[in-house]
Amino acid sequence: MDVVATPAGTVSPHPLAISRTLVEWLLVTLLCAGIAATATTQNWLWRIDGLIYDAALELRRDTPEPDVVVVAIDDRSLLEIGRWPWSRAVHAALLERLTEAGAAVVAFDIILHESVRDNPLADQVLAEAIAAHGAVVLPVTHVAYGARGDGEGLPAKPFAEAAAALGHIHIELDPDGIARSVYLWEGMNRAHHPQFALAALKLHSPHVAQGFEPPGESMAPGWRRADWLRIPFIGPPGTYRHVSYVDILRGDVDPAELSGAMIFVGATAVGMGDMVPTPTSGHARLMPGVEIHATLFQALRHGDRIAMLERNTLSALAVIIIVLLSLILLRSSPRVALLATFAFMLVVLTGAIALLALGSLWLPPAGAMLAGILVYPLWSWRRLESAQNYLDAELRALQEVGTHFAPVLPQQSPEQVPDRFRARISVVREAAQRQRALQRFVADTLDRLPVGAVVIDTRGQLRLCNPRARALLGVDEDWAIRATLAAMPWPEGALADSLSSETVQIEVVLGPGRVVLVSAANLMDEDGLPMGTVVGVDDLAELRRAQRSRDQTLHFLSHDLRAPMAAILTLAEIERTGTPAGGENSFVARVERQARTALELADNLIRLAKAENSDPARFEPVQLDILLLDATDEVWSLASAAGIELVTGLESAAESDEAQVNGDADLLRRALINLLTNAIKHTAAGGRVSVSYERDGSDWLIHVEDNGSGIEADMRERLFQPFATGAGKGRLGGVGLGLLMVRTVAEGHGGSVSLVSEPEKGSVFTLRLPAA
C-alpha cells in the first residue's frame, strides 16, 4: 500500500491504494453478506440456532395459571390401580369426580380409538360420563396404515359422539429430536382438526378462540397442516400444578381446587411413551405431552406466541449487520477491529436471546454470526497481504539505496528462503541496522557542519540543533535557543508565514565581534503543507574581515593608485602641450598611453568589485529609456570622434512607462556603456552602432548592435572571461574587464548576457533583465 506523509506526521494512503483498499473491502463485504443472507434464508445453521433458541427459552420464565391443572397418570397411580391399560370404568369414575367438583373443561389426553369387546358396558359407562360432563375434549392422532398411507386416528364412535370437541395431539419434532412447535390445524385431506389445546380453548373461552379460525384451503389428498406455531415454554417439566390420578379417585383432593379449572388428563409416568424432549427439559428430563398441551393452552388464551420475521427480512437484517461491521473494520486499527468483532458477536448473540426471552421475538443469529466470524479473518488477511506487499516493496527500495552507510543486505532474497517469514524478519532487521547507521551518519554530519542548523516544528518545538548553532548563538538550552531566534529582527511574518517557501536572511550582532548571518526557510511536504522551519546560522566574522581587506584594496586602487596615475597623465599633458608645433615626443606619448591603461584598469577593477557585491535588497525601479539615453550620452563623444553613427531606439511613451527593471541604475548604466564602447572599438569609421530594447515574456531585452568587424568563434567562447580583450581586432585596445563586468552585473540582477556575431558582419550583444 503506497503512503504519503501528512502535516501531523502520520501516514495517509496513496489515492491508488485507497481505491484498491475500497475494492477489496467491498468484495469481502459482499462475500460475507452473501454468506449471511444465504445461511439465514436456507437455514444452514439450524442446529446452532436451535441451541441458542433453547438457551433463550431457558431464561424465559412465567407463572403458570392456577386454574390449569394436570391430572397425572403417574407411577403411583399405576402402582395402586394396576397395569396399563386401565378399565374404562376407571376413567368414567375420574370424569364423574371431575364433574362433581365442577371442572370447567376436561382435555382427556388418552387415546380411545377402539371399543373394548369383552366389556362393552365399560365403554358405555365412559361414554355416558363424557356426555354427562359436557365439556370433554378427546384426542385425534395421525396414524399410518402400512402401504395404504396416512390416516386420522379418531376416537371410537361412542366416545366421539359424546365428546364436546376433538383435537389433534401431534407435536412437531425438529431434526435434532427436540419438540419446539406445533401446527394449530391438521387433518386428512384438509387441516380441519384444531390442536388439542386450541380445542379445549374453544370450550373454555370461545370468545378468545375466535381469533383462531381454520384455514380455508381446498381439499387435497394427504395429511394437511396449517398455522405453524412455536411453543412458548414457560419452564421445565412440572411447572404446572400436578394432581395424581389416584388421589382424585380416592377423593383426597379438595373439590374446590378443581372447581372451574381447566383439567388436562394424561400420562406422566416413566415408560408410558408420551414424553418428548423440549428446550426447557433440562438434562435427561422429558416433558409429558399433556403438559405441553397445558403450556399451549395458556399461551393461546393470553395470545402469547413467539413471532419470527420472514426469511427474506431476516436475510436483509443480517446483511445490514454485516455491512455495519465491515464499515467499522474498514476504519479501525487491528486491535479495535478484533474488539469490534467480539463485541459484534456478543451483541448479536445476546440481542437474539434477549428478544426471545423478553420480547417473544426470535431472530436466528447463526447466519449473521457466521459471516461476522468470516469477515474479520478475511479483512485481516487482506490487510496483512497489503502490508506485506508494501513492506516487501519498501525493503527492496532500502536494498537499493544507502548501501555505503551500512552493511550490504544478504544476496539471498526472501523468495529463495524456505521460511519466507523468517527471511523477511532478517531483511527487516538488516534494514533497521542500515537505517540506524544512516541516522548516525546524518547526526555525525550535522554535528560536524561548519555552519549551525536548527529545525523547529509547526508547534514551535525544537526538533534539531547541532553544536555549531549552539556555539554561534551562545546558548545551550532548547528554550533559550527558541527565545534567541524569536527575538531576532525578522521581517514581519517571516517565521509565522508557514505558507511561504522563500528563504529569509538577516544579519544579527550578538555581541562584540559576534556577527552572524541567520537564514530561515519553511519546510513543506509534498502537498505544500507546512512541516516546520529550518534555520541556518553562519559566522560573518571572517567574512567581515575579508570585506575590510577588500575595501582596503579598493581604497588603494581608487586613491593610492589612481592618484599617481592621474598625476602622470597631467604631467604628460603639460609636456605634450609644450612641444613645438609639428613636433612629437614619442616617449611622452607612450607614457601617457600606459598611464591611461593603468587608470582604466583601476577603474574597471573598482566597477567589477562593486558589481560583484551588489545587494538586491537595495535595487530600485529603473526606466530603460532613461538608461539608454544616459549611456548613449556618455559615449556620444567617443562615437563622434570615431566617425560612427550612434542610434538610440526608444518605444512609445505608453510603452516606455512600462519598460522598467529592478536594479542598480549606476551599475546598469556602466554595463551598457561598456557594451557600447566595445561596439565602437570594433566598428570602422562610417559604421553604425544602435541600442534598443524590447519585451520578451517576463523579461526585457536590451540589444547593442554594430556592423563592425565581428568576433571570431574561438574568441566568442572566452569573451566574457577575465582579461579577454579584443585588441588587435578593433581600433582601440582594452584591459579585458569590461565585458566581465557586464556579465557580473547581468547575473547579479537575475539576468544574462549573450552574443551573436559573424566575422565582417558585425555583432549583437543582448542584455536580458527581469521586468519589474
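# A walk through the predicted model

Start with helix 11, residues 289-301. At 1.5 Å a residue, its 13 residues should span 18 Å, and the end C-alpha atoms are indeed 18 Å apart. The model you are looking at is predicted. Now colour helix 11 by accessibility. 13 of its 13 residues are buried, so the rest of the structure largely encloses this helix. Step past its end to G303, which follows the helix with a positive phi, near 65 degrees.

**Zoom out for a moment.** The protein holds 24 helices and 29 strands. Of its 772 residues, 42% count as buried. Take the contacts between residues at least 6 apart in sequence: 70% of them join residues at least 24 apart.

**Select helix 2, residues 46-59.** It has 14 residues. From first C-alpha to last it reaches 20 Å, close to the 20 Å expected at 1.5 Å a residue. Which residues of helix 2 are buried? Show D49, G50, I52, Y53, D54, A56 and L57.

**Keep Y53 on screen and add R230.** R230 lies in strand 11, residues 223-230. What does R230 touch, leaving aside residues up to four places away in sequence? Y53 is one of its contacts, along with R180, S181, I306, M308 and W362. R230 is buried, yet has no salt bridge. The nearest side chain of opposite charge is D174, 5.5 Å away. A salt bridge needs the nitrogen and the carboxyl oxygen within 4 Å.

**Next, the salt bridges.** Side chains of opposite charge can pair when their charged atoms come close. The model has 25 salt bridges. Pick E80 and R250: their closest N and O atoms are 2.3 Å apart. E80 sits in helix 3 (residues 75-81) and R250 in helix 9 (residues 245-250), so this pair ties together parts 170 residues apart in sequence. E80 is partly exposed, at 43% relative accessibility. R250 is partly exposed too, at 40%. Now add R76, D247 and D252. With E80 and R250 they are linked in a network of salt bridges.

**Move to strands 18 to 22.** Here is an open sheet of five strands, in the order 19-18-22-21-20, with antiparallel pairing. Strand 19 (462-465) and strand 20 (504-511) are the edges; each has a single partner strand, so one side of each lacks a neighbour in the sheet. The twist averages 20 degrees from one strand to the next. Zoom in on strand 18, residues 452-457: three bridges join it to strand 19, and the two run antiparallel. Label V454, which stands opposite C465 in strand 19. Then show helix 17, residues 478-486. It packs on the sheet and touches strand 18, strand 19 and strand 22 (530-539). Its direction makes about 90 degrees with that of strand 19.

**Go on to another open sheet.** It has five strands in the order 24-26-27-29-28, with mixed pairing. Strand 24 (645-648) and strand 28 (752-758) stand at the edges with a single partner strand each, so one side of each is without a neighbour in the sheet. Neighbouring strands of this sheet are turned by 15 degrees against each other on average, direction ignored.

Select strand 24 and strand 26 (residues 688-696). They run parallel, joined by four bridges. E645 has R688 as its bridge partner, and T648 has V691. Now bring in strand 27. It pairs with strand 26 in the antiparallel sense over eight bridges. E694 is partnered by L701 in strand 27. The hairpin of these strands has two residues between them, and G697 takes a positive phi there, near 65 degrees.

**Add the helices on this sheet.** Helix 20 (residues 624-641) lies across strand 24, strand 26 and strand 27 (699-706), at about 175 degrees to strand 24. Helix 22 (residues 665-681) touches strand 24, strand 26, strand 27 and strand 29 (762-770), and its direction makes about 25 degrees with that of strand 27.

What joins the two helices? Select E634 and R669, a salt bridge with closest N and O atoms 3.9 Å apart. E634 lies in helix 20 and R669 in helix 22, so the pair ties together parts 35 residues apart in sequence. Both are partly exposed: E634 at 45%, R669 at 24%.

**Last stop: R768 and D696.** Their side chains meet in a salt bridge, 3.0 Å from N to O. R768 is in strand 29 and D696 in strand 26, 72 residues apart. R768 is partly exposed at 29% relative accessible area, and D696 at 36%.

Conventions:
Residues are numbered from 1 along each chain as its sequence is written. This is a predicted model: local features need pLDDT of at least 70, side-chain atom pairs count only at pLDDT 80 or more; totals for chains, interfaces and linings use all residues. Side-chain values use heavy atoms; hydrogens and water are left out. Buried means under 20% relative accessible area, exposed over 50%, partly exposed in between (1.4 Å probe, protein chains only). Lys and Arg count as positive and Asp and Glu as negative; His and the chain ends are not counted. Contact means heavy atoms within 4.5 Å. The expected span of a helix is 1.5 Å times one less than its number of residues. Two strands pair if DSSP finds at least two bridges between them. Axes are lines fitted to C-alpha atoms, for helices over the stretch in contact, and angles run from 0 to 180 degrees between N-to-C directions.
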